[in-house]
Amino acid sequence: MITSFFKTSKPLHYVIFLAVLLGLFIFSGIHTYAFDVTPVNYLKELGTFCAFLMSLFVFVFVITKNNLTQKNSFAALYLCLFIFLLPQALSNYFIVLSNLFVLLSLRRIFSLKTNTNIKKKLFDSGLWIALACFFQPWAVLYFAPLAFAIFLLPSDYIKHICAVIFGIISVGLLVVLYCLVLNKDPMVWFSISPQISLDFSIYNDLFIVLAIALLVSLTVWGMSSVFSEMVIKVSKSRFTFLMLFFAIAIGITIPILSPNKTIADFLFLVFPLAIVMANYTERTIVQWMPNVFIVLIFFLALTKLAFNIEQLFEI
């Protein structure tokens, strides 16, 4: 069984994941820049991939530090499968950077449950979300789980809110400094605001529709399977998983509302979804179901990859 191999976390698993992601990155770069091969493009792609690897390391750190899963590699496995399903995400540096900053903010939000260094954590969370907004304006939605977390914290609400505001102001000061050094207009950055578009024509592709349908189905299945146990019954994990479900809801909302729609927007969904699916895999009584999901994701991703290779050779 596939899940048996990843049931206990081993360094070999992460070597496999990194090798697969590197291969996917190289192919994605070749496919994207088949007609426009320049050093600048390759450097941009390399920077994007490095940012994604940082996201992966932060993802694993957050899981380990907050005990979001047991000691296995299920979450990293699902994440790699989702990226394999959406390889275009590795080519969008704006989304990758925004998602990295969101993960750094979630790391601080999750750690609020310890009730230590609360104001510093709130400051950091506000700072990282503000940074994420410059690359994807709809990342502003992540202030919602932060506000909810503040509401759940003991007293000092005004001081807690001020800590978040100071984090946001710090980003504003950094932007102003950046613009002064490079002689640019800071209002160009501060005028960035979320726009709404309900034009879904970019998703008019069979493989994209199937990939989105599969992700949405897994989201509904995973959340309905673990919500009762992780939020209602187990008080110890309630805060963390409430924040996680917030992140999933936002991860679904961003691709819907974003004006410049791209399949890479689903990157905001796949990171928290991978954790939920890992918890489902750990706890399900029907052991063959996770294997079916994994095979289904892998088959769809492999079919899409074969189709892209065929297109590349036709070029």
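Colleague: What makes H5 oblique to H12?

Modeller: In this predicted model, helix H5 (residues 93-110) packs on helix H12 (residues 267-283) at about 40°, the axes 9 Å apart. Angles under 35 degrees count as roughly parallel, over 145 as roughly antiparallel, 65 to 115 as roughly perpendicular and the rest as oblique. So H5 is oblique to H12.

Colleague: Which residues of H5 and H12 meet?

Modeller: Ile95, Val96, Ser98, Asn99, Val102 and Leu103 in H5 meet Leu267, Phe268 and Phe271 in H12, where contact means heavy atoms within 4.5 Å. Seven residues of that contact are nonpolar, two polar and none charged.

Colleague: Why is H5 called largely enclosed by the rest of the structure?

Modeller: Because 14 of its 18 residues are buried, meaning under 20% relative accessible area (1.4 Å probe, protein chains only).

Colleague: How do you know that the span of H5 agrees with what it should be?

Modeller: The expected span is 1.5 Å times one less than the number of residues. For the 18 residues of H5 that gives 26 Å, and the end C-alpha atoms are 25 Å apart, which agrees.

Colleague: And H4, what makes it mostly covered?

Modeller: Twelve of the twelve residues in H4 are buried, among them Phe74, Tyr78, Cys80 and Leu85. Helix H4 (residues 74-85) reaches 16 Å from first C-alpha to last, close to the 16 Å expected.

Colleague: What should I keep in mind about the model?

Modeller: Local features need pLDDT of at least 70 and side-chain atom pairs 80 or more, while totals for chains, interfaces and linings use all residues. Residues are numbered from 1 along each chain as its sequence is written, and side-chain values use heavy atoms, leaving out hydrogens and water.

Conventions:
Helices (H or I, at least four residues) and strands (E, at least two) are DSSP runs, numbered from the N terminus. Buried means under 20% relative accessible area, exposed over 50%, partly exposed in between (1.4 Å probe, protein chains only). Axes are lines fitted to C-alpha atoms, for helices over the stretch in contact, and angles run from 0 to 180 degrees between N-to-C directions. Ala, Val, Leu, Ile, Met, Phe, Trp, Tyr, Cys and Pro count as nonpolar, Asp, Glu, Lys and Arg as charged, and the others, Gly among them, as polar.
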